[in-house]
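Grab a pencil and let's work through a few exercises on pockets and cores. Try each task before you read its solution.

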Amino acid sequence: MIQRFLGWLGETPWSVALLESLYVWPLVESTHVLALGLFVGTTVMMDLRLVGVAFRKVPVQAFTGRLLPWTHIGFVVMAVTGLLLFYSQPLRYYHNVFFRVKVLVLIAAGINAFIFHRGAQRRAAEWADDAMPPRAARAAGAVSLAAWTVVVVTGRLIAYNWFDCDLQPQPDWVNWAAGCATGSE
């Protein structure tokens, strides 16, 4: 059902036009990468502060207060352009192992950020000037650093078709992970 919908979506005139565009698709992809740089760059700086590795003399609230607006802008542009890239080839992305890993890790990063903002960050006034934040804040920063590293690496690997469903035979685990329909099913 979902594959049928994604196949239809990828054949819509706007999707085809986006993918085949000489200028728009590269512009969307480049904007996605630039927004990713802004988002991940500011996120990494905040995470390094949370872990207690860098910017230790800067109060957490002052630091995040200056960076979060840029982080939010980067996230919105990155999300919109990412959705457009997905829209250009939805079925291919759906079956891409690296895309699937990226989406799962994006969800984990979102859950980590939600837990941090609902927990340790609410008490940031208590530890804002501490060079070493509390364990919960350090853990959130470390998980975020790891998650965004995986997102960037898997995002880059999406471009390679090592595990595409139309390249058979593939190992069984690849067909399972990519949701490939093979003749042996």
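Below are three short exercises, each with a worked solution.

This is a predicted model, where local features need pLDDT of at least 70, side-chain atom pairs count only at pLDDT 80 or more, and totals for chains, interfaces and linings use all residues. Residues are numbered from 1 along each chain as its sequence is written, and side-chain values use heavy atoms, leaving out hydrogens and water.

**Exercise 1.** Find out which residues lie closest to the centre of the largest pocket.

Solution. Start with the space: the largest pocket holds about 790 Å³. Next, look at its 27 lining residues, where H32, G82, L85, K102 and I158 come closest to the centre. (On a 1 Å grid over the protein atoms alone, a pocket is an open set of points where a 1.4 Å probe fits, with protein on both sides within 12 Å along at least five of seven lines; lining residues have an atom within 4 Å of a point.) Finally, sort the lining by class: 19 nonpolar, four polar and four charged.

**Exercise 2.** Work out which helix gives the largest share of that lining.

Solution. First list the contributors of at least two residues: α3 (24–51), α4 (60–88), α5 (90–94), α6 (97–118) and α8 (135–157). (Helices are DSSP runs of H or I, at least four residues.) Then pick the winner: α4, with seven residues.

**Exercise 3.** Say which residues F86 is in contact with, leaving aside neighbours within four places in sequence.

Solution. Look for contact (heavy atoms within 4.5 Å). You get L6, Y93, Y94 and F99 as the partners of F86.

Conventions: Grid points are joined across faces, edges and corners, and a volume is the space filled by probe spheres set on the points. Ala, Val, Leu, Ile, Met, Phe, Trp, Tyr, Cys and Pro count as nonpolar, Asp, Glu, Lys and Arg as charged, and the others, Gly among them, as polar.
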